[in-house]
Amino acid sequence: MQELTEGQIRSSFVNCGTADATRMFVPSGLAFAPWAELDYFGWGDPNTPGRYSLVYWREDSPAGIVLRRADRVASRIQVHLCSFCHTPQPANDVALFVAPLAGEAGQNGSTVGTYICSELTCSAHVRLQPHAAPIQPYPSTVMRAYRARLLERVDRFVADIERVR
Ligand SMILES: [Zn+2]
């Protein structure tokens, strides 16, 4: 993905107020982040367990969301599917994330949730998936398709947060 600056990140959020976006933890050293290896930029706040943020390029402008990761619940299901990258993961590596809706609805406590890779590592997973096979001879083409679909699903989730569909 194209590099993001701290200013772009802080002004990208669709579901938190300007004051919160100004105060929020944003990792330092953004210029050295592995942008080429990422489809979205996601991080956790080391000072507030469970608080996560995610920013991606929606066409030409950055769009960001704040998320809260629910506590892990013991599950008998061994494998979960991340709703963004669609990679099957051990149950512990996928978690329920809840995002406040945009605007007044979110301020009043309305949220939307989905299961995502617990450390927001979808970009790494879609890059691991492709294998060369007789019917899929070009792993790079397959990977491009996985990456495109990952961003489509992120985009749909953000649309749910903004309630624009
Ligand atoms: Zn994922």
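Student: In this predicted model, is strand β2 largely enclosed by the rest of the structure or largely open, and how many of its residues are buried?
Tutor: Strand β2 covers residues 51-58, and a residue counts as buried when its relative accessible area is under 20%. Because most of its residues pass that test, β2 is largely enclosed by the rest of the structure, the number of buried residues being 6 of the 8.

Student: Which residue of β2 stands opposite Phe41?
Tutor: Phe41 belongs to the pairing of strand β1, residues 41-44, with β2, and these two strands run in the antiparallel sense over 4 bridges. Across from Phe41, the residue to look for in β2 is Val55.

Student: Which residue in the hairpin of β1 and β2 takes a positive phi?
Tutor: The hairpin of β1 and β2 has 6 residues between the strands. The positive phi is near 90°, and the residue that takes it is Gly50.

Student: On the other side of the sequence, over how many bridges does β2 pair with strand β3?
Tutor: Strand β3 spans residues 61-69, and its pairing with β2 is in the antiparallel sense. One place to see the two strands facing each other is Tyr56, which stands opposite Ala63 in β3. The pairing of β2 and β3 extends over 8 bridges.

Student: Which residue in the turn between β2 and β3 has a positive phi, and which surface patch does that residue help to form?
Tutor: The hairpin of β2 and β3 has 2 residues between the strands, and in its turn Glu59 has a positive phi of about 55°. Glu59 is also found together with Asp60, Glu152 and Asp155 at the surface, where these residues form a negative patch. The residue is therefore Glu59, in the turn of the hairpin, and the patch is the negative one.

Student: Is Asp155 buried, partly exposed or exposed?
Tutor: Asp155 has its place in helix α5, residues 139-162. Its relative accessible area is 32%, and buried would require a value under 20%, exposed a value over 50%. Asp155 is therefore partly exposed.

Student: How far apart are the closest N and O atoms in the salt bridge of Asp20 with Arg23?
Tutor: Asp20 and Arg23 both lie in helix α2, residues 18-23, where they are 3 residues apart, about one turn of the helix. Asp20 counts as partly exposed at 40% relative accessibility, whereas Arg23 is exposed with a relative accessible area of 63%. The closest N and O atoms of this salt bridge are 2.6 Å apart.

Student: Which residue forms a salt bridge with Glu37, and is that residue buried or exposed?
Tutor: Glu37 forms a salt bridge with Arg127, with the closest N and O atoms 3.9 Å apart. The pair links distant parts of the chain, since Glu37 is in the loop between α2 and β1 while Arg127 is in helix α4, residues 122-128, and the two are 90 residues apart. Glu37 is partly exposed at 47%, whereas its partner, at 15% relative accessibility, counts as buried, and that partner is Arg127.

Student: Which residue stands opposite Arg69, and which residue forms a salt bridge with Arg69?
Tutor: Arg69 lies in strand β3, and β3 also pairs with strand β6, residues 94-100, in the antiparallel sense over 2 bridges. In that pairing Arg69 stands opposite Phe97. Arg69 is buried, with a relative accessible area of 18%, and the closest N and O atoms of its salt bridge are 2.9 Å apart, the partner being Glu119.

Student: How many residues of β3 are buried?
Tutor: Strand β3 has 9 residues, and it is mostly covered. The number of its residues that are buried is 7.

Student: How far apart in space are Gln2 and Asp39, C-alpha to C-alpha?
Tutor: Gln2 is found in the segment before α1, and at 53% relative accessibility it counts as exposed. Along the sequence Gln2 and Asp39 are 37 residues apart, but in space their C-alpha to C-alpha distance is 8.9 Å.

Notes:
Residues are numbered from 1 along each chain as its sequence is written. This is a predicted model: local features need pLDDT of at least 70, side-chain atom pairs count only at pLDDT 80 or more; totals for chains, interfaces and linings use all residues. Side-chain values use heavy atoms; hydrogens and water are left out. Buried means under 20% relative accessible area, exposed over 50%, partly exposed in between (1.4 Å probe, protein chains only). Two strands pair if DSSP finds at least two bridges between them. Patches are made of residues with over 30% relative accessible area and no salt bridge: like charges are joined within 9 Å, nonpolar side chains (Val, Leu, Ile, Met, Phe, Trp, Tyr) within 5 Å. Accessible areas come from the Shrake-Rupley method with a 1.4 Å probe; for residues, only the protein chains shown count as cover. A salt bridge is a side-chain nitrogen of Lys or Arg within 4 Å of a carboxyl oxygen of Asp or Glu. Lys and Arg count as positive and Asp and Glu as negative; His and the chain ends are not counted. The place of a charge is taken as NZ of Lys, CZ of Arg, CG of Asp or CD of Glu.
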